[in-house]
Structure formats: C-alpha cells, structure tokens
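Below are some notes for a colleague who is opening this structure for the first time. They are best read with the sequence and the model side by side.

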Amino acid sequence: MHSQVNKTAERILDWLLPPSCTLCGSRGEFGLPLCAGCWQDLPRLKHACRRCAEPLPQDGLCGRCLRRAPPQDLAHGAFLYADPVDRLVQRLKFGGRLGTARLAGALLAAAARSAQWERPQLLIPVPLHRARLRQRGYDQAQAIAAECGRRLGIPMDSRACQRKSATAPQPGLSRAERRRNLRGAFVVVTPPQARHVAVIDDVMTTGATAGELAAALKRGGVERVDVWALCRAGPDR
Ligand SMILES: [Zn+2]
Ligand SMILES: [Zn+2]
C-alpha cells in the first residue's frame with residue numbers, strides 16, 4: 001500500500017518536474033534523467049563473449065575463455081565503455097549522485113529485459129571496501145543493483161559479501177597482476193540462500209574483479225553465478 005502511494009507520488013513529481021537529461025539537458029523521458037535521443041544513441045554492446053562479455057564480432061566465446069573458463073557461468077554487459085556511458089560512470093564514481101545511479105540501474109534493467117537475460121534469484125553488488133565507502137559517501141554498484149532489482153522484481157543482497165582489501169583499480173596492470181592483486185579480496189560472510197545469483201558491477205574492465213567475487217560465491221555454495229555489468233571495456237589488451 002505504502003509503496004503504491006510512493007509510486008504515485010513519484011509519478012506526480014516526475015510530471016510536475018520532469019528530470020532533465022543528464023547528458024544534454026533536454027527534457028528527460030520515462031521519469032529518468034535521460035532524453036529519447038540520448039537513449040537511442042547509447043553505445044550498446046551487441047556481440048560479446050558469453051562468459052566474460054568481451055566485445056566480439058559475433059556472439060560466442062573469446063580465445064581466453066576457451067583456453068580457461070572463468071569462475072562465472074555467464075557475463076552480460078549492457079553497453080560499451082565508450083562515450084557517453086564513460087561520462088555517466090565518471091559521474092557515478094566521483095559525483096556522488098544517486099540520480100545517476102538510479103538511471104544506471106534503470107538502463108541495466110532495460111537491457112536485461114530487451115535481451116532477455118535469464119533472471120537470477122538474487123542480485124549481489126560488487127562490494128566496496130568500507131574505507132572507500134566512507135570516502136565516496138555511497139556505493140554505486142549497490143545503488144545500481146537496488147534500482148535494477150526493484151524494476152525487475154529481483155531482491156538484492158548487499159550484505160552477503162565483503163571486500164577485505166581496499167584494492168584500488170589500477171590501470172596499467174596486466175591481467176595476471178590484476179588477478180594476483182585481487183586474490184582473496186572478497187569474503188562471503190552470509191552465504192546467500194539462492195542457487196542462481198548475478199553479480200552487479202558498473203564497469204567490467206577485464207572481468208577480474210567480478211570473476212573473483214563469482215569464485216568466492218561459488219566457494220560459498222552458490223551453484224550458478226552470472227555477471228551483469230552496466231558496461232564493458234574492451235576488447236582486452
Ligand atoms: Zn539527452
Ligand atoms: Zn571471454
């Protein structure tokens with residue numbers, strides 16, 4: 001009942017004060033800070049490796065996943081990490097704007113719907129280390145997962161896992177170095193009561209972070225772990 005009232009209030013507010021497009025300033029659509037033109041122009045990830053979401057000329061498996069299967073069962077990326085999605089992500093990380101996170105969650109939910117990604121029972125955001133959470137003020141992967149889950153009717157569990165070490169994203173590191181850096185970075189504190197979960201991340205660079213979390217969840221007894229990312233960088237170097 002309450003949520004119905006809230007939804008109605010939200011709709012009236014959107015009608016009275018339509019949000020303006022976060023990219024170009026025009027009038028937003030669907031109650032979101034994005035206009036129809038910018039929505040059309042977003043760089044969608046069309047074809048990718050089904051295990052790590054690396055962009056490929058056609059759907060299939062990349063050479064790396066063929067040689068060595070990653071911990072996750074599937075990976076989906078909604079967009080390429082390219083203009084203007086990269087600007088959205090920068091705003092998510094450094095602007096501290098929950099409105100952008102809400103938009104990102106809505107975009108991820110729309111991609112999951114239109115490409116018919118198989119629905120997991122639970123969404124698990126890639127946890128942020130507490131020190132970085134304090135510094136940033138909010139957790140962007142959690143905010144994206146909350147909005148995406150709300151729109152798709154999938155619960156989110158942000159307490160199942162913790163990040164043990166404050167591993168900073170380190171561009172310039174090789175794939176092997178990244179993996180070494182991340183080893184043991186996540187711990188499952190409360191094993192999720194679900195057979196099939198999806199890890200939610202904002203940007204998948206090489207997939208090493210999401211893969212490490214997927215491995216931890218599997219050690220914690222989860223049978224199937226997919227990765228859903230707002231965007232995917234690549235192809236991998
Ligand atoms: Zn726009
Ligand atoms: Zn792959």
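1. In this predicted model, Gln72 counts as buried, because its relative accessibility is 2% and the cut-off for buried is under 20%. Gln72 sits in the loop between helix 3 (63-67) and strand 1 (74-80).

2. The side chain of Gln72 has a polar atom that lies 2.7 Å from the backbone oxygen of Arg51. Leaving aside residues up to four places away in sequence, Gln72 touches Arg51, Cys52, Met204, Gly211, Ala214, Val225 and Val227. One of these residues, Cys52, is also a zinc ligand, since Cys52 (SG) is among the atoms that coordinate the zinc ion (ligand 2).

3. The zinc ion (ligand 2) is held by the SG atoms of Cys49, Cys52, Cys62 and Cys65, at 2.3 to 2.4 Å. Angles of 103 to 115° among the four donor atoms make this site tetrahedral, and along the sequence the donor residues follow the spacing C-x2-C-x9-C-x2-C. Cys49 and Cys62 both lie in the loop between helix 2 (36-41) and helix 3, so the pair ties together parts that are 13 residues apart in sequence.

4. As for accessibility at the site of ligand 2, Cys49 is buried, with a relative accessible area of 1%, and Cys62 is likewise buried, with a value of 4%.

5. The zinc ion (ligand 1) is coordinated by Cys21, Cys24, Cys35 and Cys38, each through SG, at 2.3 to 2.4 Å. The arrangement is tetrahedral because the four donor atoms subtend angles of 103 to 117°, while the donor residues are spaced C-x2-C-x10-C-x2-C in sequence.

6. Which of the donors Cys35 and Cys24 is buried, and which is partly exposed? Cys35 is buried, with a relative accessible area of 10%, whereas Cys24 is partly exposed, with a relative accessible area of 43%. Cys38 is buried, as is Cys35.

7. A reader who sees these cysteines may ask how many disulfides the structure holds. The structure holds zero disulfides, a disulfide being a covalent bond between the sulfur atoms of two cysteines.

8. Turning to the chain as a whole, the protein has nine helices and six strands, and 47% of its 237 residues count as buried. Among contacts between residues at least 6 apart in sequence, 70% join residues that are at least 24 apart. The accessible surface of the protein chain comes to about 12400 Å², and carbon and sulfur atoms account for 51% of that area.

Key. Residues are numbered from 1 along each chain as its sequence is written. Chains are lettered from A and ligands numbered from 1 in the order in which they are written. This is a predicted model: local features need pLDDT of at least 70, side-chain atom pairs count only at pLDDT 80 or more; totals for chains, interfaces and linings use all residues. Side-chain values use heavy atoms; hydrogens and water are left out. Donors are N, O and S atoms within 2.8 Å of the metal (3.2 Å for Na, K and Ca); water is not among the atoms, so sites may look incomplete. Four donors count as tetrahedral if all angles lie between 85 and 135 degrees; four count as square planar and six as octahedral if opposite donors are over 155 degrees apart and all others between 65 and 115; anything else is irregular. Buried means under 20% relative accessible area, exposed over 50%, partly exposed in between (1.4 Å probe, protein chains only). Helices (H or I, at least four residues) and strands (E, at least two) are DSSP runs, numbered from the N terminus. Contact means heavy atoms within 4.5 Å. Accessible areas come from the Shrake-Rupley method with a 1.4 Å probe; for residues, only the protein chains shown count as cover. A disulfide is a pair of cysteine sulfur atoms within 2.5 Å. A polar contact is a pair of N or O atoms within 3.5 Å; within protein, one must be able to donate a hydrogen and the other to accept it, and residues adjacent in sequence count only if both atoms are side-chain atoms.
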